[in-house]
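Me: I would like to learn how to read the features of a model one at a time, with the general idea first and the particular case after it. Could we begin with charged pairs and then go on to the ligand and the backbone?

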Amino acid sequence: MTETSVRGNGTTVYDERGYAVASVAEAKRIAGEYLCDLDLGFAYGFGLPEVDDRYHIWRVPVISGESAVGEIAIDGRTSLVQESRSTEPEMLRSRHLSDAGKPMSTKNSGSGVIVRSELRNTVLRGDSESTLAELPAGSVDLVFTSPPYFNARPDYSEYAEYEDYLAKMGRVIGQCSRLLADGRFFVINISPVLLRRASRSQASRRIAVPFDLHSVIVKQGFDFIDDIIWEKPEGAGWATGRGRRFAADRNPLQYKAVPVTEYVLVYRKHTDRLIDWNIRKHHDQDAVARSKVSDDYEKTNIWRISPSSTKDHPAVFPVELAERVVQYYSFSGDVVLDPFAGIGTVAKACIDNDRRFVMAEVSDEYIGTMKRNLAKWGGSGDVHCINTDPINDGALF
Ligand SMILES: C[S@@+](CC[C@H](N)C(=O)[O-])C[C@H]1O[C@@H](n2cnc3c(N)ncnc32)[C@H](O)[C@@H]1O
């Protein structure tokens with residue numbers, strides 16, 4: 001819990017719990033006094049304190065330079081520092097000393113200020129491995145995508161070997177890493193794929209793509225944050241054919257679970273900075289205030305959303321999924337990139353949520369549909385079209 005949630009009657013959840021420490025500012029003050037008593041105060045700042053509900057303690061991150069070097073735990077009820085749960089003073093001192101003189105980690109961070117990206121709404125036609133290379137480093141605030149499936153549907157994805165597929169994904173994800181601003185998020189919707197058997201005497205093969213892609217993503221400079229399960233309503237997985245044999249015969253060993261989930265894996269571009277830094281140093285604090293997520297947000301890592309389908313593309317994700325990711329991982333006015341944009345579902349979420357979009361797609365057909373969609377969704381004005389004709393709203397209908 002990070003916020004002092006004010007109730008209708010003006011009290012906070014901390015008041016209701018009888019906490020002596022009832023605000024972030026109070027927690028920082030106590031931590032500051034504690035460090036001063038240890039002769040450590042002059043060298044440190046604090047990140048955003050959070051309450052750990054299990055122990056009723058405030059955890060106050062201790063920052064030296066731009067790095068987190070430990071935390072101070074404060075008993076919420078007594079306001080005393082719990083030394084056994086806090087980072088040892090000697091550890092704080094030695095981490096502070098080793099951090100001093102370290103270079104800042106990114107271009108954007110040199111001044112400690114985050115600069116607004118110059119990118120405007122863009123449609124990029126071509127292989128994103130090469131088209132993304134043309135965009136400036138650090139110019140994107142969020143990546144959300146669902147990559148082509150490894151040979152799942154020959155009509156839009158063909159790779160000779162699985163390793164070729166992973167290597168290609170690694171190169172595109174490497175571009176995403178270069179483009180993302182320091183500490184911002186890379187979110188990918190992915191699921192295992194079923195390779196159908198070639199003949200009745202062969203078994204089908206299921207490939208655990210998310211688990212293999214995980215290490216590819218981490219190698220490109222990302223830290224793992226969350227594994228969100230996108231759960232579809234019962235019945236959604238029947239079309240895959242998986243589980244039908246068992247349903248008929250009920251032989252043990254033949255059991256196969258009908259898949260009704262996909263992953264939404266969340267990563268953050270590696271940085272020593274806390275997320276709090278991205279919020280505090282954002283170039284537009286009004287946008288930060290406007291972007292607060294509404295009360296009905298999804299609290300757990302299971303997101304129940306119906307799948308989408310359209311005759312225009314065999315593998316779209318629902319706009320509701322894109323909306324959640326855009327709302328939870330970016331601010332109003334931010335730039336959101338989809339390197340495998342299909343017919344532009346992420347752009348729809350951006351238009352509806354006041355974000356800028358960069359949509360990269362290799363297929364001429366899907367680029368055409370995306371441009372028609374953008375006109376329909378009211379997002380075609382002033383779109384920068386690269387390797388493709390400008391959107392001409394009048395000619396589209
Ligand atoms: C799973 S689909 C994405 C669909 C999208 N989320 C939507 O809702 O419209 C993956 C897309 O990646 C595109 N694609 C595959 N390889 C690509 C590449 N190298 N560069 C750009 N796009 C690519 C495919 O044409 C396909 O449209």
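**Salt bridges, ligand and backbone**

Reply: The count of salt bridges comes to 22, and the model in which they are found is a predicted one. The idea is to look for a side-chain nitrogen of Lys or Arg within 4 Å of a carboxyl oxygen of Asp or Glu, and then to ask which parts of the chain each pair brings together.

Me: Which residue forms a salt bridge with Arg-59, and how far apart are the closest N and O atoms?

Reply: The partner of Arg-59 is Glu-71, and their closest N and O atoms are 2.6 Å apart. Because Arg-59 belongs to strand β3 (residues 57-64) and Glu-71 to strand β4 (residues 67-75), the pair ties together parts that are 12 residues apart in sequence. With a relative accessibility of 22%, Arg-59 counts as partly exposed, and Glu-71, at 24%, is also partly exposed.

Me: Which residues are linked with Arg-59 and Glu-71 in a network of salt bridges?

Reply: Asp-52 and Arg-54 are linked with Arg-59 and Glu-71 in such a network, so a pair read by itself should be checked for further charged partners before the description is closed.Me: How should I read a salt bridge between helices, such as the one in which the side chains of Glu-129 and Lys-168 meet, and what is its N to O distance?

Reply: The reading is the same in kind: take the distance, then the elements, then the accessibility of each partner. The side chains of Glu-129 and Lys-168 meet at 2.8 Å, N to O. Since Glu-129 lies in helix α4 (residues 128-131) and Lys-168 in helix α5 (residues 162-179), this salt bridge ties together parts that are 39 residues apart in sequence. Glu-129 counts as partly exposed at 25% relative accessibility, whereas Lys-168, at 14%, counts as buried.

Me: Are the partners Arg-184 and Asp-334 buried or exposed?

Reply: Arg-184 is buried, with a relative accessible area of 5%, and Asp-334 is buried as well, at 1%; the cut-off that this step needs is that buried means under 20%. The two residues form a salt bridge in which the closest N and O atoms are 2.6 Å apart. Arg-184 lies in strand β7 (residues 180-190) and Asp-334 in the loop between α10 (319-329) and β13 (335-338), so the pair ties together parts that are 150 residues apart in sequence.

Me: Turning to the ligand, how many residues surround it, and which are the closest?

Reply: With a ligand, one begins with the shell of residues around it and then turns to individual atoms. Here 22 residues surround the ligand, and the closest are Ser-128, His-313, Ile-343, Thr-345 and Glu-361. By class, the shell is made up of 12 nonpolar, seven polar and three charged residues.

Me: Where do polar atoms of Ser-128, Ala-341 and Thr-345 lie with respect to the ligand?

Reply: It helps to say in each case whether the protein atom belongs to the side chain or to the backbone. Ser-128 places a polar side-chain atom 2.9 Å from a nitrogen atom of the ligand, and a polar backbone atom of Ala-341 is 3.4 Å from an oxygen atom of the ligand. For Thr-345, a polar side-chain atom lies 2.6 Å from an oxygen atom of the ligand. On its own the ligand has 610 Å² of accessible area, of which the protein covers 97%.

Me: What is the count of disulfides?

Reply: The count comes to zero, the rule being that two cysteine sulfur atoms must lie within 2.5 Å. Individual cysteines can still be described by their accessibility: Cys-176 counts as buried at 1%, and Cys-385 counts as buried at 16%.

Me: For the backbone, which residues other than glycine have a positive phi?

Reply: Ser-79 and Leu-253 are examples to read, and for each one the angle is best taken together with its place in the chain and its accessibility. Phi of Ser-79 is near 70°; this residue is found in the loop between β4 and α3 (89-99) and is partly exposed, with a relative accessible area of 27%. Leu-253 has a phi of about 80° and has its place in the loop between α7 (244-249) and β11 (261-269). At 86% relative accessibility, Leu-253 counts as exposed.

Me: How far apart are Gly-45 and Ser-67 in sequence and in space?

Reply: They are 22 residues apart in sequence and 9.8 Å apart in space, C-alpha to C-alpha. Gly-45 is found in strand β1 (residues 45-46) and, at 28% relative accessibility, counts as partly exposed.

Terms used:
Residues numbered from 1 in each chain as written. Heavy atoms only, no water. Buried < 20%, exposed > 50% of the residue type's maximum accessible area, 1.4 Å probe, protein only. Near = heavy atom within 4 Å. Polar contact = N/O pair within 3.5 Å; in protein donor to acceptor, adjacent residues only side chain to side chain. Areas by Shrake-Rupley, 256 points an atom, 1.4 Å probe, with all protein chains shown as cover. Nonpolar A, V, L, I, M, F, W, Y, C, P; charged D, E, K, R; others polar. Helix = DSSP H or I, 4+ residues; strand = E, 2+ residues; numbered from the N terminus.
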